[in-house]
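Before this model goes any further, I would like to set down some points for a colleague to check against the coordinates. They go from the overall fold to one helix contact and then to individual residues.

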Amino acid sequence: MDEDRRNLMARIEIISAYMKALEDPERLMQVCADIAGDDADARSAVAAAFEVSDFAADAILTLQVKRFTPRSIEQMRRELADANRILLDLDGA
């Protein structure tokens with residue numbers, strides 16, 4: 001059960017970070033355009049810009065452009081809501 005909860009928490013962290021980036025794609029593109037360094041610099045810049053962990057920043061940096069469609073965003077919103085509901089159920093059990 002603890003492993004399930006940890007995995008779910010990680011998924012919630014990633015989807016929440018995705019939502020921050022998807023809701024402000026111009027900011028994401030600007031942050032990425034301003035990066036002069038390597039992958040670590042990109043991770044740090046995205047983490048700071050969206051106030052997420054390095055783990056979540058890596059996830060944002062691997063987003064595919066197709067994820068920015070309204071349909072895909074809505075699917076992620078539903079997945080996040082479902083994951084939060086499952087977490088509440090786990091915590092209540």
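**Notes on the predicted model**

1. Pro70 has its place in helix 5, which covers residues 70-92. The model under review is a predicted one, and in it Pro70 is exposed, with a relative accessible area of 67%. From C-alpha to C-alpha, Pro70 and Leu87 are 26 Å apart in space, while in sequence they are 17 residues apart.

2. Turning to the overall fold, the secondary structure of the protein comes to five helices and zero strands, and read from the N terminus on, the elements follow the order α-α-α-α-α. Taken along the principal axes, the box that the C-alpha atoms fill is roughly 50 × 30 × 15 Å.

3. On burial and contact order, the protein has 93 residues, of which 30% count as buried. Among the contacts with a separation of 6 or more, 65% are accounted for by residues 24 or more positions apart.

4. How do helix 3 and helix 4 cross? The axes of helix 3 (residues 39-50) and helix 4 (residues 54-61) come within 8 Å, and the crossing angle is roughly 105°. Because angles of 65 to 115 degrees count as roughly perpendicular, the two helices, helix 3 and helix 4, are therefore described as roughly perpendicular to each other. On the side of helix 3 the contact is made by Ala42, Arg43, Val46, Ala47 and Phe50, and on the side of helix 4 by Asp54, Ala57, Asp58, Ile60 and Leu61. By residue class, the contact of helix 3 with helix 4 divides into seven nonpolar residues, three charged residues and no polar ones.

5. Phe50, one of the helix 3 residues in that contact, deserves a separate remark, since Arg27 lies over the face of Phe50, at 4.7 Å from the ring centre. As for ring-ring pairs, the count of aromatic pairs comes to zero when ring centres must lie within 6.5 Å of each other.

6. The loop between helix 3 and helix 4 contains Glu51, and the backbone of this residue merits a look in the displayed structure. Phi of Glu51 is near 55°, which is a positive value in a residue other than glycine. Is Glu51 buried or exposed? With a relative accessibility of 70%, Glu51 counts as exposed, the cut-off for that class being over 50%.

7. Gln64 is placed in the loop between helix 4 and helix 5, and at 42% relative accessibility Gln64 counts as partly exposed. The C-alpha atoms of Gln64 and Leu90 are 31 Å apart in space, and the two residues are 26 apart in sequence.

8. Glu74 is found in helix 5, where a relative accessibility of 34% makes Glu74 count as partly exposed. How far from Met19 is Glu74 in sequence and in space? The two residues are 55 residues apart in sequence, and their C-alpha atoms are 9.8 Å apart in space.

Methods: Residues are numbered from 1 along each chain as its sequence is written. This is a predicted model: local features need pLDDT of at least 70, side-chain atom pairs count only at pLDDT 80 or more; totals for chains, interfaces and linings use all residues. Side-chain values use heavy atoms; hydrogens and water are left out. Axes are lines fitted to C-alpha atoms, for helices over the stretch in contact, and angles run from 0 to 180 degrees between N-to-C directions. Helices (H or I, at least four residues) and strands (E, at least two) are DSSP runs, numbered from the N terminus. Angles under 35 degrees count as roughly parallel, over 145 as roughly antiparallel, 65 to 115 as roughly perpendicular and the rest as oblique. Contact means heavy atoms within 4.5 Å. Ala, Val, Leu, Ile, Met, Phe, Trp, Tyr, Cys and Pro count as nonpolar, Asp, Glu, Lys and Arg as charged, and the others, Gly among them, as polar. Rings of Phe, Tyr and Trp (its six-membered ring) pair if their centres lie within 6.5 Å; planes under 30 degrees apart count as stacked, over 60 as edge-to-face and the rest as tilted. A charge sits over a ring if NZ of Lys or CZ of Arg is within 6 Å of the ring centre and within 35 degrees of the ring normal. Buried means under 20% relative accessible area, exposed over 50%, partly exposed in between (1.4 Å probe, protein chains only).
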